[in-house]
Amino acid sequence: MGDIDVEQQEPFPVDRDGRPLRGEEDKPAGGRKPGCCERFQQSVSKWMLPEDSRSKYLERTNCCPPPIFIILISIGELAVFIYYAVWKPQKQWVTLDEGIWNSPLSYKPENRQEAWRFFSYMFVHAGVEHIFGNLLMQLLLGIPLELVHKGFEVGMVYLAGVLAGSLASSIFDPLSALVGASGGVYALIGGYFMNAVVNFREMIPLLGVFRIMVIVIIVGTDFGFAFYRRFVQDEAGMKVSFVAHFGGIVAGMTIGYVFFSAYNKKLLKDPRFWLCIVGYVVFVVFAVLFNIFLSPAP
């Protein structure tokens, strides 16, 4: 066997961090340009992940299965809205009134012993602008999150926000009713916001600033409308609580942050995960005891 001249060898294809570069075999077959799904996934990785996690995501990602959880939950919410707006006609379907308050899904303080209402209120919305805003935000944010973190993680964060929203409302605004999926939507927003802030230096700076500014503007505007509906708007009927927004965003900034920042890591070995879980369980237990023994609601 002849001697091999090392200096004549082609350099090993690695980037400045020591990661192998994609060779010809890793490119799309036939030298074709990346397809729509591949380009979309590349964009998702830039929006959702720090730089050191993008290559691993792009290696194993695909569009199958699609983001089932967020799509199904959105279809369910839209179906319930159409049911109450069309099959159970209201005075005006743009802003629903009596139908949703008599629904077995809405959260009402006097019916809080019906435990399913602490979750089911997310399917009922008070009008077109209410459901349109929630669906728009959870689809725009939830689909990319689910492509990266898959349905279980996104579903857990979303439902944790829904439950935290209703329990927080039952404690801090105990005489108000509750409808809408804002608790779940704000949990997604809170988790994504914390991830964007903590990993700001590892993400594309301009996109990082844009993401944070958009979230702040949307949250500020929505909170403004929620305060107006709760304290200023003088309409007959039940007052809708705004506290679910706070409960959802706190759940997102704790549990959501842990789930969304632990991409490609073992959650069970992360002490932050157990800290957030224990804190959440303590909050749920306290809220249950409060509703049983201390609530001023009938």
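**Exercise 1.** How much area does the chain expose, and what share of it do carbon and sulfur atoms supply?

*Solution.* Start with the ground rules. This is a predicted model, where local features need pLDDT of at least 70 and side-chain atom pairs count only at pLDDT 80 or more, while totals for chains, interfaces and linings use all residues. Residues are numbered from 1 along each chain as its sequence is written, and side-chain values use heavy atoms, with hydrogens and water left out. Now the total: about 16800 Å² is exposed, with 68% of it from carbon and sulfur atoms (Shrake-Rupley method, 1.4 Å probe; for residues, only the protein chains shown count as cover).

**Exercise 2.** Work out where V284 sits and which residues it touches beyond its sequence neighbours.

*Solution.* First, find the element: V284 belongs to helix α10, residues 271-294 (helices are DSSP runs of H or I, at least four residues, numbered from the N terminus). Next, skip the neighbours within four places in sequence, and V284 contacts L163 and L167 (contact means heavy atoms within 4.5 Å). Last, check the spacing: V284 and L163 are 121 residues apart along the chain, yet their C-alpha atoms are 8.6 Å apart.

**Exercise 3.** Is V281 buried or partly exposed, and which nonpolar patch does V281 help make?

*Solution.* V281 is in helix α10 too. Its relative accessibility is 43%, so V281 counts as partly exposed (buried is under 20% relative accessible area, exposed over 50%, partly exposed in between; 1.4 Å probe, protein chains only). Then the patch: V281 joins V285, V288, L289, I292, F293 and L294 in a nonpolar surface patch of about 680 Å² (residues with over 30% relative accessible area and no salt bridge, nonpolar side chains joined within 5 Å, like charges within 9 Å; a salt bridge puts a side-chain nitrogen of Lys or Arg within 4 Å of a carboxyl oxygen of Asp or Glu).

Key
Helices (H or I, at least four residues) and strands (E, at least two) are DSSP runs, numbered from the N terminus.
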